[in-house]
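Please work through the following exercises with the sequence and the structure at hand. Attempt each task before reading its solution.

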Amino acid sequence: MTGIPGPRTAWSSPPTLRTMLLPLAAFVLFLAAPMAAPAEAPFTFDKAPGRLPKDVVPLHYRIAIVPQVKEKTFTGTESVTLRSRSPTATVVFNTLNLTLRNVRVDGKPVQRVVSDNQGQLTTLTLAAPMSVGVHTLTLSYNGVIGSGPQGLFAQPYTQPDGSSGLVLSTKMESTDARRMFPCWDEPAFRATFQLTATVPAEWATVSNMPVAKRVVQGKLATTTFERSPRMPSYLVEFSAGDLQEVAADHDGVHFGVWAVRGRESDGATALANAQQILTDYNNYFGYPYPLPKLDSIAVPGGFSGAMENWGAITYNDQLLLVGSRSSIADRQAVFSVQAHEMAHQWNGDLVTMGWWDDLWLNESFASWRAAKETDLRNPSWKWWEKQDADKESAMRADARTSSQAIQRHVTDEVQASSAFDPEITYRKGQAVLRMFEAYLGPDTFRDGIRGYMKARAFGNATTADLWNALSKASGQDVGAIASGWTEQPGFPLVSVTASCDAAGKRTLSLSQRRFLLQKSDSSRYDPATSRWKIPLQIRSGLAGVPRNVLLTREAQSERAGTCQEPLTVNAGAVGFYRVQYDAATLVTLSSTFGSLPDGDRIALLDDQWALVESGAAPLASYLMLAASMGTDLDSRAWEQITEALGTVEYDERGSAGHDAFAAYGRSILKPVAEQLGWDARPGETPAIQQLRRTLIGDLGSWDDQEVIAEAHRRFTSFLSNRGAIDPNDQLMTLAIVAQHADATTFEQLHALAKQARDDAEQTRFYAALASVRDSELAGQAAKIALSSELPAQAVQLRFRMIGTLQNAHPALAWSIFSANAEMLLAPFGHNAPLFLAQYSPNFFWNSLPLDQLEGWLKAHVPAEMSPNVVKGMESARFKASEKAFLVPAADAYIASKKNPRNGQS
Ligand SMILES: [Zn+2]
């Protein structure tokens, strides 16, 4: 599954204008429970965790469904070929909200059928024990078509021309296949599937495999798909509706991109991407994609993110379709999400984690592989630098005492959602894999992955299987080095103390301790017990090749060039750890800051800001670095700086020092913005164009009068000529206009939004509208966000608008959000409570008193989510305490700039 790997969302902090410019992340989620897992053994079916007995296993399912769309119900028949591994009179499998009839084994009625929706299990008692060997279970059943993405669901939509329709689709991960058919719904129970569906004859149907047979009878058509390879039940897919495809054949595979009729031509970009990505992955994994076809299905609206069903990947339509008015950010989201879901065709589908505690084997791998692919095919996007923002986001989450390990023990999948953390399972895991790829070398790492795929194809795996494959390829005990990163929460701060000999040669003394943003409550956690084997990349000087060093000992000593040279121990910002340099080394680094390699400079900015936030370094130490950027054009470094400055600016709002700090922030950004101007130049990279938008957007947000006036001038032209602003710049420009809008301008923006010609315009124009600062107009924007003016499928746009309103109107946004949470979170399906418990506090920390927020959350999420509320509230309380120390520190710094004799904070 995925959200948007990469850019953060309208629902992330800090809430500067920039966050509104980024595409809305579809949130993505999952399950697990909060203890560190013990070291694991390689996968065996009998030892795989789970609730289902292993004495009866499914070999092949034949499933036929007939949806009654109007009634939101369906009927089904199923025949499952079973293998009994020991004589038993009891057969247990998963069902949820299904009513079973005519249950027979080998044609004979069973004695008793007990379905328990609470436990999501059905237990059959047979008249006599089944013998060891192959048997057949047959049954009929009724089920319910959902309105949210769980099991078989219906998604209504409205086209720009006003016509409306309905698409049926499925989303099974993690445990919702049991809502569509009785099954052994745990990942270790691989079987083959053959699906049949009867739907209106004018509809198209798509499933994991190609169509084997289609029979039309009157107004209905019955389609049977070919038999799938052996796979887990959570990968079954079925979609149907008034869908059309664009298609191509490449490398012996048929590619289709499906969309609702009229939108299919917007699938051309995704179709080209898919062919390119598949060629690269066939080569990288050393195991050719094993299915005859790969479909990508654009599900309109509500469905959040994307899902890697084998051979039939489903996407929220905005993550798959690229129209003529789409922006580069839209294209980046499409490519990177495709790269993620297609990586799952190997990591997840061909080789599946044995149980949900190793979900990272699916998700971290898909995220890491997608970033590598996106970077490879789009070098001008500087994708790894963009991924640094995700890594920072993960480190922020992992620097809390309530953080959890990548591998987590899960006993019961029905407790789902209670402890999944996308920051850890996707982003930290991705960063840790990148660190180990760099440590082992990319070719050795790839050879290990190839060995892993070959050994486990069409089967399951544990983390131990991965470490063993990497050990075999590298000749090192990878598990011994890597397990500390996956089996315990947190990450280290590496302290570096340099000493110089008489000849100026430098020797480093290196030590580690866990990095926490706030001092730990020692009754809950002792940071002294955490230790890691840390792959350092030490570079002395500006151009030297970094040296691989594994930090394993206390006060480990390493030679590192000469004392005059700059130094980094996290070259290229590849490592998942922080570094604190001694004062003299930091002075050397500050003086050479402008000429450091981009990645080294990014690592220094990230670390210095985190040290400020944790209270380990003064704010001035960071601001001096930021001011040393000059007119360097590295986009990630600037993004890091504008994010940090934006945090202070937000915290300063309403205080006496705000305007002076905003002016200071503008003074740092303005020279670069002036150098870049407003319009893209020929040959400019997307990264530079993104930098321009970041800087102008923040200048507008921080009240730069020239920027505001220019945005207005461009908006006025745009009203009469839609070609006057490049699609990439529209959200930035319109958001600046909206921030400073009066009633007349607001009405003009609203009219523009109502006239949007496609989803891309609609998303931009309405999101801009929600940037308004005027309180009365903000109330109008909130009403619009909830109104039927937006089409049926636009739930995520509503969500984004409320998220954007939070920036200038925290109390209003909370009141709207809390009153409509169920509707706004519907696209997240069963993971909605997780968003509420763990992510909303990080966003609404400034909207209402924190005790009140905590009380509301506890009253609105299930009891098993309380650890997530703890995580969310830890983050919210940190932000409040951060505000309390950043504001006076910033005021003192600004005062010292005006009057240097006052000294610096
Ligand atoms: Zn995924």
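The exercises below concern a predicted model, and each is followed by a worked solution.

**Exercise 1. Confidence**

Task: State the average pLDDT of the protein, and find what the model has for residues 3–38, where pLDDT stays under 50.

Solution. Begin with the whole protein: the average pLDDT is 92, and 93% of the residues score at least 70. Next, turn to residues 3–38, where pLDDT stays under 50. For this stretch the model has 150 contacts beyond four places in sequence.

**Exercise 2. A sheet of three strands**

Task: Determine which strands of the sheet β3-β7-β6 stand at its edges.

Solution. First, write down the order: the three strands of this open sheet follow one another as β3-β7-β6, and their pairing is antiparallel. Second, count partners: β3 (88–94) and β6 (112–116) each have a single partner strand, so one side of each lacks a neighbour in the sheet, and these two are the edges. Third, note the twist, which averages 20 degrees from one strand to the next. Finally, examine one pairing in detail: six antiparallel bridges link β3 with β7 (residues 121–130), and F93 is found opposite T122 of β7.

**Exercise 3. The nonpolar core**

Task: Identify the residues that touch the most other members of the largest nonpolar core, and list contacts of L137.

Solution. The largest nonpolar core holds 277 residues. Within this core, L137, F181, W184, F238, W485 and F817 touch the most other members. Take L137 as the example: leaving out residues up to four places away in sequence, the residues that L137 touches include V80, L82, F93, V103, V105, L124 and W184. F93 has thus appeared twice, as a contact of L137 and as the residue opposite T122 in β7.

**Exercise 4. Checking a helix**

Task: Compare the expected span of α2 (residues 268–285) with the distance between its end C-alpha atoms.

Solution. The helix has 18 residues, and at 1.5 Å a residue the expected span is 26 Å, counting one less than the number of residues. The end C-alpha atoms of α2 are 26 Å apart, which agrees. Now consider the surroundings: the buried residues of α2 include A270, L271, I277, L278, Y281 and F285. The buried residues of α2 pack against strands β16, β17 and β18 and helices α3, α4 and α7. After α2 comes G286, with a positive phi near 65 degrees.

**Exercise 5. A second sheet**

Task: Decide whether β25 (residues 534–540) is largely enclosed or left open, and describe its pairing.

Solution. Start from the sheet, which is open and antiparallel with the order β26-β25-β28. The edge strands are β26 (547–551) and β28 (567–568), each pairing on one side only. Five bridges connect β25 to β26, among them the one between I534 and L551. Two bridges connect β25 to β28: S540 is the partner of L567, and R539 is the partner of T568. The hairpin of β25 and β26 has six residues between the strands, and G541 there has a positive phi near 85 degrees. Helix α6 (residues 422–440) lies across β25 and β26, at about 65 degrees to β25. Lastly, six of the seven residues of β25 are buried, so β25 is largely enclosed by the rest of the structure.

**Exercise 6. A residue in a loop**

Task: Establish whether H809 is buried or exposed.

Solution. Locate H809 in the loop between α21 (795–808) and α22 (810–819). Its relative accessible area is 9%; because this falls under the 20% cut-off, H809 is buried. Beyond its neighbours within four places in sequence, H809 is in contact with V772, R773, D774, S775 and A778.

How values were computed: Residues numbered from 1 in each chain as written. Predicted model: local features only at pLDDT ≥ 70, side-chain atom pairs only at ≥ 80, totals over all residues. Heavy atoms only, no water. Pairing = 2+ DSSP bridges. Helix = DSSP H or I, 4+ residues; strand = E, 2+ residues; numbered from the N terminus. Axes fitted to C-alpha atoms, helices over the stretch in contact; angles between N-to-C directions. pLDDT = per-residue confidence, 0-100. Contact = heavy atoms within 4.5 Å. Core = buried A, V, L, I, M, F, W, Y, C linked by side-chain atoms within 4.5 Å. Buried < 20%, exposed > 50% of the residue type's maximum accessible area, 1.4 Å probe, protein only.
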